Amino acid sequence: MTEARKKNIKIISELEFSAGFCKGEIISITGTNGKTTTTSLCAHVFNECGLKTYLAGNIRPAFSEVVLDVMENEYVALETSSFQLDHTYDFKPNIAAILNITPDHLDRYENNIQNYIDSKLRVFKNQDKKDFLILNLDDKLTPKEISNKKVNIFYFSLNHEVKNGAYISGKEIIYKYNGKREFSCLISDVSLRGEHNYANAMAVIIMAMIYKLNSEKIISALRSFPGVEHRLEFVREINGVQYINDSKATNVDSVWYALRSFEQPIFLILGGKDKGNDYNQIKDLVAAKVKKIFAIGSSSENVYNFFHKIVKVEMKMSMDDCVSAANKEARENEIVLLSPACASFDMFENYEHRGRVFKEAVNNL
Ligand code: ADP
């Protein structure tokens, strides 16, 4: 890249390159957290409602691997990272969604949050009046007014009623267009748990309503979505104890959402390769919800030092040790949750490997 820059050769991303060949409709989903979940849910709902929809992008397969298969009247749910957006110029999705923006990857953006935000905002810069942009009204860093005045904007919110978009009211998710209610379902129709997932589901409901998909089919698809592996994934219930694999929770923010997703007391498996975690964000939640922490990996001492005055903490050498200890101690109606807040490379190949080792230990009980 440096060589190309020196020679003034234009650099474009794989996303920009592939989009040029796409005959179908592109639904581009970006954000700091929730991209994989939302993109997978979008493809599931669209396919269940009868629209042939490919799942591609950051999630794999790459857009370039599938783009030539996509015909007119077909769709691509495209997980789009800010890295991919960095070198786009003409990229123009039919629907763009920015799920949220929280500080991340700042090393790549010269530690300037505005550079990171600007990168995400590239997703809609070429959109016009036939296109749609979906924004999170609750998110602090996402602008509510944008420079592109042509595009049709829809919002989703956990806290506020919106005129165009989806929001939560009591036990319902409601979708309105021009202030008129056009769709509603129960929050409990969403198979995924946790407020963050209701937000992800609302983004997908807006996408489905933009294409005027059948309400009953949308609801049935929200119910049947199996979830994505390693993201609050239900593994097994033994004697009333549920085992949950959230190995993808590699930062403290994700653990905050995971802990908020359960009412029951939690045995939490925490630790791994620490990126300088500040656990203050989850201190109160841990005090309120966690019965015991099993600390693993190279950061287990940090975990112990931070939490041992608030909650019981036991340091463990392996995932097997954590799972068998949790199995001995957890009682009916309690949760055993792997949500490590850390990278996995100290003990595992990657977060998928860590999740699989956890599941194997649980399935061997
Ligand atoms: P991404 O592809 O953006 O990394 P994932 O869907 O893989 O997102 O989820 C990554 C982690 O973030 C998981 O631990 C998940 O529980 C959590 N998460 C999912 N959706 C959201 C959201 N909307 N806001 C915050 N955290 C989320």
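Start by selecting K248 and the ligand: an N or O atom in the K248 side chain is 2.7 Å from an oxygen atom of the ligand. This counts as a polar contact, a pair of N or O atoms within 3.5 Å; within protein, one must be able to donate a hydrogen and the other to accept it, and residues adjacent in sequence count only if both atoms are side-chain atoms. Before going on, note that the model is predicted: local features need pLDDT of at least 70 and side-chain atom pairs count only at pLDDT 80 or more, while totals for chains, interfaces and linings use all residues. Residues are numbered from 1 along each chain as its sequence is written, and side-chain values use heavy atoms, with hydrogens and water left out.

**Around the ligand**

Keep the ligand in view and add T37, where a polar side-chain atom lies 2.5 Å from a ligand oxygen atom. Then add K35, which places a polar side-chain atom 2.8 Å from an oxygen atom of the ligand. Taken alone, the ligand exposes 560 Å², and the protein buries 94% of that. Accessible areas here come from the Shrake-Rupley method with a 1.4 Å probe; for residues, only the protein chains shown count as cover.

Which elements give two or more residues to the shell around the ligand? They are α3 (35–48), α7 (195–210) and α9 (252–260). Helices (H or I, at least four residues) and strands (E, at least two) are DSSP runs, numbered from the N terminus. Color α3 now, since α3 gives the most to the shell, with three residues. To see the residues that come nearest, select G34, T36, T37, R231 and K248, out of 16 around the ligand. A residue is near a molecule or strand if one of its heavy atoms lies within 4 Å of it.

**N100 and N33**

Next, select N100, in the loop between β4 and α6 (113–121). A polar atom of the N100 side chain lies 2.9 Å from the backbone nitrogen of N33. N100 counts as buried, because its relative accessibility is 15% and buried means under 20% relative accessible area, with exposed over 50% and partly exposed in between (1.4 Å probe, protein chains only).

**Salt bridges**

The structure holds 15 salt bridges, each being a side-chain nitrogen of Lys or Arg within 4 Å of a carboxyl oxygen of Asp or Glu. Select K92 and D128, one such pair, whose closest N and O atoms are 3.4 Å apart. K92 is in the loop between α5 and β4 and D128 is in the loop between α6 and β5 (132–136), so the pair ties together parts that are 36 residues apart in sequence. Both ends are partly exposed: K92 has a relative accessible area of 35%, and D128 has 24%.

Move to R223 and D189, whose side chains meet in a salt bridge (2.9 Å, N to O). This pair links distant parts of the chain: R223 is in helix α8 (residues 215–224) and D189 in the loop between β9 (180–186) and α7, 34 residues apart. Is each partner buried or exposed? R223 is exposed, with a relative accessible area of 51%, whereas D189 is buried at 8% relative accessibility.

Then select R181 and E172, another salt bridge, at 3.0 Å from N to O. R181 is partly exposed, with a relative accessible area of 43%, and E172 is partly exposed at 25%. For a network of salt bridges, show K292, E314, K316 and E329 together.

**D131 and I210**

Select D131, in the loop between α6 and β5. D131 is buried, with a relative accessible area of 2%. Draw a C-alpha to C-alpha distance from D131 to I210: the two are 10.0 Å apart in space and 79 residues apart in sequence.

**Cysteines**

How many disulfides does the structure hold? The number is zero, taking a disulfide as a pair of cysteine sulfur atoms within 2.5 Å. For C42, the nearest cysteine sulfur, that of C49, is 10 Å away. C342 is in no disulfide either, and its nearest cysteine sulfur, that of C322, is 13 Å away. C42 counts as buried at 0% relative accessibility, and C342 counts as buried at 0% as well.

**A surface patch**

Finish on the surface with I12, F17, F21, L68 and Y89, a nonpolar patch with about 500 Å² of accessible area together. Patches are made of residues with over 30% relative accessible area and no salt bridge: like charges are joined within 9 Å, nonpolar side chains (Val, Leu, Ile, Met, Phe, Trp, Tyr) within 5 Å. Y89 lies in the loop between α5 (82–86) and β4 (95–98) and is partly exposed, with a relative accessible area of 31%.
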